[in-house]
Amino acid sequence: FLSSFIKKKMANFADVFERGVEFVWEEVQERDDGTLCIEDITAQSLSKDRKRRLEQQHIGPCKRGLIRHLFIVLDMSQDMEDDDLKPNRLQCAITQSTKFVHAFFHENPISSVGVIAMREGIARIVCELSGNKDTVVKLLQQLTRTDCPLFPAGEVSLQNALNVAKRSLRSVPTHSTREVVIIMGSLSTCDPGDINDTINSLQQDKVIVNIIGLSAAVRVCEHMANESGGWYHVAMDEEHVGELLLSLTIPPPILSNVTSAQMALGFASFDSSHLIVRRTNAGDFKILDGGYACPQCHSLVSECPRRCGTCGLMLVCSSHLAKSFRQMFPLSPFQEMKIQYDEQLHCSACNILFPKTLPVYKCPNCKELYCLECDIYIHQQLHVCPGCPVTSEGWDAHSSQLKQRISSGE
């Protein structure tokens with residue numbers, strides 16, 4: 001009996017030990033001449049990212065909100081200590097949320113993000129809505145510390161978390177979007193009342209709820225996301241969690257019943273003739289050589305974008321509006337095609353010779369060819385085809401396409 005018990009324990013230990021091991025050598029393939037297919041392995045991983053990006057709904061040009069207010073709701077129940085995601089669910093959620101905050105402010109510089117934690121049946125605001133990326137990232141990383149009082153415990157309450165987020169989002173202007181992103185690993189929710197009433201109030205307040213599940217699918221989460229105009233997906237692995245979060249960097253389409261409104265913005269200019277005192281994240285004070293001057297009251301602020309502390313005017317730069325405006329006219333996906341074996345073609349961006357075994361991608365406007373790496377970089381980072389403004393035909397087609405979109409009122 002003792003020997004069988006020891007064998008069973010050793011088998012369980014081996015299963016737990018090998019659970020976190022990635023057998024990368026199983027993906028290595030060998031050609032007929034004995035060389036390794038390193039390029040094919042890299043292309044397979046990149047093509048998976050491209051396919052997932054193309055599988056997302058391509059809405060095209062439409063009305064989108066330039067100013068977004070978004071709450072990240074983290075599940076901090078005892079179910080987040082499971083290690084099916086490396087190193088566990090909570091660490092994975094916080095790591096991917098931190099990457100999402102950096103990407104969110106890069107694409108939406110004049111928006112704000114807040115953090116809410118769900119544990120022991122209550123919801124607590126970890127970070128209020130803030131336009132400072134460093135503040136949000138610092139408070140997120142504090143949740144991973146061993147001395148943090150918000151350790152995983154108890155059960156979650158979706159109703160309490162949504163009520164807390166709804167009260168904070170109710171004060172934001174109507175011309176901005178109100179969004180909630182929930183990262184949930186539990187299979188149940190402990191609510192004090194009827195959650196259907198909360199879902200109805202979310203529809204009235206025009207709050208969009210997107211949910212990422214870390215375990216199995218939950219019916220109430222799917223119903224909540226569909227009723228509020230969001231989506232609900234169950235992540236397959238750590239990379240899929242990051243991909244689902246990064247898909248939220250693009251502003252959602254504005255609902256048809258939302259009225260537009262004008263907002264006063266000030267283009268701040270940098271003034272180096274005066275010193276300014278700034279408080280760092282550690283609580284210390286630092287003297288800076290100059291700051292951004294408000295065009296209305298001429299007060300100096302340490303960074304931009306942010307609201308002026310004297311008159312309350314929103315201060316931005318032209319680059320911030322340019323980053324937000326490019327989401328209105330997303331770049332069309334390139335067409336995948338294969339080249340002949342006797343053709344010697346080069347990528348129009350990086351100028352490398354196309355491999356014979358990999359497909360190439362053609363811009364539908366300028367007909368330029370790009371490799372897989374450049375196609376991903378153009379759509380995820382550059383957002384502009386480098387070949388379209390070069391040729392006069394491509395520029396004319398690009399200009400006419402923009403005019404048609406503007407004239408159609410999209």
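**Stop 1: a loop with a greasy face**

Start by selecting L275, which sits in the loop between β8 (269-271) and β9 (276-279). Keep in mind as you click around that this is a predicted model. Is L275 buried or exposed? With 61% relative accessibility, L275 counts as exposed, because the cut-off for that label is over 50%. Now add V277 and I287 to the selection. Together with L275 they make a nonpolar patch on the surface, and the three share about 340 Å² of accessible area.

**Stop 2: zoom out**

Show the whole protein as a cartoon. You should be looking at 11 helices and 17 strands. The protein has 410 residues, and 40% of them are buried. Switch on a surface if you like: the accessible surface comes to about 22900 Å², with 53% of that belonging to carbon and sulfur atoms. Of the contacts with a separation of 6 or more, 63% are between residues 24 or more positions apart.

**Stop 3: the three-stranded sheet**

Next, select β7, β14 and β13. They form an open sheet in the order β7-β14-β13, and the pairing is mixed. Which strands stand at the edges? Those are β7 (265-267) and β13 (306-307); each has a single partner strand, so one side of each is left without a neighbour in the sheet.

Zoom in on β7 and β14 (residues 314-316). The two run parallel and are joined by three bridges. To see one residue pair, pick F267: its bridge partner in β14 is V316.

**Stop 4: the six-stranded sheet**

Now for another open sheet, this one with six strands. Colour them in the order β3-β2-β1-β4-β5-β6, and note that the pairing is mixed here too. The edges are β3 (122-130) and β6 (232-234), each pairing on one side only. Turn the view to look along the sheet: the twist averages 15° from one strand to the next.

At the β6 edge, look at β5 (residues 207-213). Strands β5 and β6 pair in the parallel sense, over three bridges. Select I211 and you'll find Y232 of β6 standing opposite.

**Stop 5: two helices across the sheet**

Stay with the six strands and bring in helix α4 (residues 133-142). Helix α4 lies across β1 (68-75), β2 (112-119) and β3, and it runs at about 155° to β3. Then add helix α5 (residues 158-169). This helix lies across β1, β2, β3, β4 (177-184) and β5, at about 30° to β3.

**Stop 6: M224 and its surroundings**

Select M224, which you'll find in helix α7 (residues 219-228). Its relative accessible area is 0%, so M224 is buried. What does M224 touch? Leaving out residues up to four places away in sequence, the list is L158, L162, I195, I199, V209 and I211. I211 is the residue you saw opposite Y232 a moment ago. For a distance check, draw a line between the C-alpha atoms of M224 and L202: they are separated by 9.2 Å, and the two residues are 22 apart along the chain.

**Stop 7: salt bridges**

There are six salt bridges in the structure. Show E179 and R68 as sticks to see one of them, with the closest N and O atoms 2.8 Å apart. E179 lies in strand β4 and R68 in strand β1, so this pair ties together parts that are 111 residues apart in sequence. How accessible are these two? E179 counts as buried at 2% relative accessibility, and R68 counts as buried at 0%.

Move on to R119 and E120, whose side chains meet in a salt bridge at 3.8 Å, N to O. R119 is buried, with a relative accessible area of 8%, whereas E120 counts as partly exposed at 47%.

Then select D205 and R170, another salt bridge, at 3.3 Å from N to O. D205 lies in helix α6 (residues 195-205) and R170 in the loop between α5 and β4, so the pair ties together parts 35 residues apart in sequence. D205, at 19% relative accessibility, counts as buried because the cut-off is under 20%. R170 counts as partly exposed at 47%.

For the last selection, pick D82, D84 and R89. These three are linked in a network of salt bridges.

Technical notes
Residues numbered from 1 in each chain as written. Predicted model: local features only at pLDDT ≥ 70, side-chain atom pairs only at ≥ 80, totals over all residues. Heavy atoms only, no water. Patch = residues over 30% accessible without salt bridge, like charges linked within 9 Å, V, L, I, M, F, W, Y side chains within 5 Å. Areas by Shrake-Rupley, 256 points an atom, 1.4 Å probe, with all protein chains shown as cover. Salt bridge = Lys/Arg side-chain N within 4 Å of Asp/Glu carboxyl O. Helix = DSSP H or I, 4+ residues; strand = E, 2+ residues; numbered from the N terminus. Buried < 20%, exposed > 50% of the residue type's maximum accessible area, 1.4 Å probe, protein only. Pairing = 2+ DSSP bridges. Axes fitted to C-alpha atoms, helices over the stretch in contact; angles between N-to-C directions. Contact = heavy atoms within 4.5 Å.
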